[in-house]
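Subject: Structure for you to look at

Dear colleague,

I am passing on the structure we spoke of, and my notes on it follow below. Please read them with the model open beside you.

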Amino acid sequence: MVIAGAAMTCHASAADGITVDHLGVNNTLVRVGADNAARYILLPVQEANDDATVNVLVDGKLDRVIYVRLAKSKVDYKVPFDISSYKGHDVVLNIVSSQNRANVREAKDDACWSAISLSDTFDTTNTEKYRPAYHHTPLYGWMNDPNGMFYKDGVWHLYYQWNPYGSKWQNMTWGHSTSTDLVNWEHHPAAIEPDGLGSIFSGSCAIDHTGSAGFGKDAVLAMYTSAATSQVQSLAASRDNGMTFEVYPGNPVLPLESEARDPNMFYDKEDGLWHLVLAHPLEHEMLFFTSPDMKTWTSTGSFGKGLGAQGGVWECPDLFELPVDGGKGGSKWVLLCNINPDGPFGGSGIQYFTGDYDGKTFTADTGADGKVVTKWLDFGKDNYAVVSWSDAPDARRTLIGWMSNWQYAAEVPTRQYRSANTLPREVSLFTADDGQVYAATVPSPEIDALRGKPTVRRSFSVGAKGSEVALPAANGGICEITLDIDARRCDTVELTLSNPAGEKAVMTYDPKAQTCSFDRRESGITEFSVDFPAVTTAPTFGSNGYLTLRIFIDRSSVEIFGNDGRFAMTNLVFPTEPYNTFTVKATGAKAKVNKLTVYPISIK
Ligand code: FRU
C-alpha cells in the first residue's frame with residue numbers, strides 16, 4: 001500500500017545512512033535510522049546564507065531546535081551535531097529553510113543535501129592563520145562573552161557564549177574550557193545547552209560553600225539568562241565540579257516584566273545572603289537583589305540612571321571589593337558595566353564605577369564637582385564583556401574579556417573559530433592625580449611563564465631616524481616587548497610594529513598631552529568593516545614623561561599595558577604576514593630608552 005502523500009515526496013541522493021525527503025519548497029526531512037552507529041551528523045554550512053530551523057525529532061518527538069546556515073550554493077565548512085545520545089532511536093531533522101524557492105526541484109539542488117554526512121569524528125585541527133598562540137579560543141564555532149568563571153581545587157573554569165553550529169552568533173550555549181595555568185586550555189563538551197525557556201545567555205558561577213541552594217555543600221551554582229521572547233534568570237547546579245550542570249526545574253528563578261540579563265552573583269558570609277547584580281540594559285541601569293537560597297529573590301535597589309556613559313545598552317555587570325593603593329587607602333567596590341555601543345572608540349567598551357556597596361545598592365564616587373566621573377577599563381576597541389573569576393586564590397581578582405567588538409566581530413577574517421579572549425588580567429585600585437580612584441590591570445602572573453630567552457638592549461637614545469629591533473622570526477614574531485622610556489623632552493615617541501608587506505601598527509606616546517595612542521589603520525587586513533581601521537587613545541595617568549610598557553603580540557592581537565597597568569589597550573590586528581620589526585623613534589628631542597627587552601613567547 002502506498003500512503004498518500006508519501007508517494008508525493010521526492011528522495012534525493014544523500015550520503016550512506018541518510019535519507020533526504022523534500023516536502024516542499026522550504027521543508028525537508030533528513031532521516032537517520034535507529035541502526036546508525038555514527039557519533040555525528042556533519043551539517044554543511046554556507047556562511048553567507050540565512051539560518052535554517054532544524055527541528056530535531058527523536059522517535060517522532062521534538063528533542064531540540066537548532067539554527068544552522070545550511071549550504072545553498074557552496075559548502076564553506078561543516079559543523080558536527082552530536083547524535084551519540086540518540087543511539088538506537090530514529091532521528092529525523094525536520095528542516096525549515098528560509099530560502100525563497102520557486103519549486104521543490106530548486107530546493108533539491110541546495111548543496112547541503114548531498115554533502116550532509118555521518119561520521120565518528122570531527123576534525124578540529126587548526127586551519128586558521130590568525131588563531132592566537134597563547135590566548136583562549138574555542139576549538140570551532142563562534143564565541144562571545146566569557147561566562148561563569150570560577151576557580152576550584154587548582155582549576156580555572158572558563159565558560160563562554162558559544163555557537164557550536166557556525167561562526168556567527170546563534171544557538172547560545174555555555175561552552176567550557178579549563179586550565180591550571182591560565183595559558184593552556186583544555187576544551188570540554190558544552191556545559192549548558194538551550195532548553196524550553198530559551199538559549200543560554202551570559203551569567204556567573206559561584207561555589208555554594210554552605211549548600212544553601214539545596215544542591216549540596218560545595219556544589220557549583222550557575223545563574224544565567226534564559227533568552228527567548230523574554231529574558232528571565234535561571235539557575236543550574238553542578239555536583240561534579242562544573243563539568244555537567246542540572247538545570248533547576250523551578251526555573252525561571254527571577255522573572256521580571258522587562259528585559260534584564262547577565263546575572264552576576266556572590267555569597268556574603270557576613271549576612272548569609274546571595275547578592276545579585278543584573279543588567280537592565282535598555283534602562284541603562286543595574287538592578288540589585290538578595291536571596292537566602294538562590295531561588296527566591298528580593299529587590300534591594302538599582303544604580304546608574306543618568307550616570308556615566310548612557311549611549312549603549314548596559315550589559316554584563318560584575319561587583320567586587322578591592323583594596324585601594326595596596327590597602328593604604330582602605331577599600332572600595334568596583335561595579336563593572338559593559339556597554340554597547342557608545343564605548344570610547346565606538347561599539348563595545350567597559351565602563352566601570354568605583355564606590356560603595358552597602359549590601360543593598362551601589363553608590364558611585366563623585367569628583368570635586370559632585371559628578372560621577374566616567375571611567376574606562378581598556379582604551380582599545382577589542383575588550384568587552386569583561387567579568388572576573390569567583391573564588392580565585394590569594395584574594396586575587398582575575399578578569400578576562402572577549403577580545404572583539406560587536407561592530408565587526410562577525411566579519412573578522414577567521415572562520416573555523418571566531419573570537420578569542422584577552423589575556424587574563426589582575427585588577428587593582430590606585431588613586432590618580434585628580435584624587436579619583438581608578439582600576440589598573442596587568443597580565444596575570446602566570447603569563448610570565450611564557451617568556452623565552454630575551455634579547456635585551458640597555459640604555460640607548462633615539463631621535464627621528466629611529467632604532468630597529470628584530471622580532472623573533474622563529475615563532476612568527478609572537479612575543480612580549482617591555483620598554484622603559486624617558487621622553488621628558490620629546491614631542492612624541494613612536495613605536496612601530498611592521499612587516500615586509502609594508503603593514504604597520506603604530507603606538508604614539510605624547511608626554512605633554514600624557515596620552516598613548518594605537519593606530520591600526522594600516523595594520524593589515526582592515527577593510528572587512530568601516531569600523532575596524534581606527535586610532536585609539538589612552539590617558540597615561542600622569543607619568544611625567546616616563547613611560548613603561550608591556551606589549552603582547554599574538555597572531556592577531558596587540559595588548560598594551562602602560563605604567564604598571566594604569567592604562568591598558570587591547571586591539572585586534574590582521575597583518576598579512578607577521579610583524580618582524582619593532583622601531584622606536586622620537587620627535588622634538590631624543591628619547592632615552594633605559595631598557596628594551598623582547599621575549600619570544602614559547603608555545604607548547
Ligand atoms: C553581551 C551580550 C549579553 C548577552 C550575550 C548574548 O555581549 O549581549 O548581554 O547575555 O551577549 O550572547
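I begin with a group of aromatic side chains, in which Y130, Y408, F528, F532 and F574 are joined into a cluster by ring pairs. Please bear in mind throughout that this is a predicted model. One member of that cluster, F532, also has a charged neighbour, since the charged end of R520 sits over its ring at 3.6 Å from the centre. A similar arrangement can be found at Y599, where the charged end of R451 lies over the ring, 4.1 Å from its centre.

Aromatic pairs come to 34 when the whole structure is searched. In one of them, the ring centres of Y159 and W174 are 5.5 Å apart and the planes make an angle of 35°, so the pair counts as tilted. This pair connects distant parts of the chain, with Y159 in strand β11 (residues 155-163) and W174 in strand β12 (residues 173-179), 15 residues apart. Y159 counts as buried because its relative accessibility is 0%, and W174 counts as buried because its relative accessibility is 0%. A further tilted pair is formed by F266 and W333, with 6.0 Å from centre to centre and 35° between the planes. Because F266 belongs to strand β18 (residues 261-268) and W333 to strand β23 (residues 331-340), this pair ties together parts that are 67 residues apart in sequence. Both F266 and W333 are buried.

F266 appears again in the pocket analysis. The largest pocket has a volume of about 1,100 Å³, and among its 41 lining residues the closest to the centre are F266, Y267, F320, D391 and R397. Several strands each supply at least two residues of this lining, namely β10 (141-152), β14 (199-208), β18, β19 (273-280), β22 (313-323), β27 (384-388) and β30 (425-431). Of these, β22 gives the most to the lining, with six residues. Strand β14, which also contributes to the lining, is mostly covered, with 10 of its 10 residues buried. β14 pairs with strand β15 (residues 219-227) in the antiparallel sense over eight bridges, and within that pairing S199 stands opposite A227 in β15.

Another set of strands that you may wish to inspect is centred on β39 (residues 546-554), which pairs with strand β34 (residues 479-486) in the antiparallel sense over eight bridges. β39 also pairs with strand β40 (residues 557-562), again in the antiparallel sense, over six bridges, and a hairpin of two residues joins β39 to β40. F552 in β39 is a convenient place to follow both pairings, as E480 stands opposite F552, while the bridge partner of F552 in β40 is E559.

As for the overall division of the protein, the domain assignment gives domain 1 (2-123), domain 2 (141-443) and domain 3 (451-600). The C-alpha centres of domain 1 and domain 3 lie 50 Å apart.

With best wishes

Key. Residues numbered from 1 in each chain as written. Predicted model: local features only at pLDDT ≥ 70, side-chain atom pairs only at ≥ 80, totals over all residues. Heavy atoms only, no water. Phe/Tyr/Trp six-rings, centres within 6.5 Å; stacked < 30°, edge-to-face > 60°. Helix = DSSP H or I, 4+ residues; strand = E, 2+ residues; numbered from the N terminus. Buried < 20%, exposed > 50% of the residue type's maximum accessible area, 1.4 Å probe, protein only. Lys NZ or Arg CZ within 6 Å of the ring centre and 35° of its normal. Domains from an automatic or database assignment. Pairing = 2+ DSSP bridges. 1 Å grid on protein atoms, 1.4 Å probe; cavity = no way out; pocket = protein on both sides within 12 Å on 5 of 7 lines; lining within 4 Å. Points joined across faces, edges and corners; volume = space filled by probe spheres on them.
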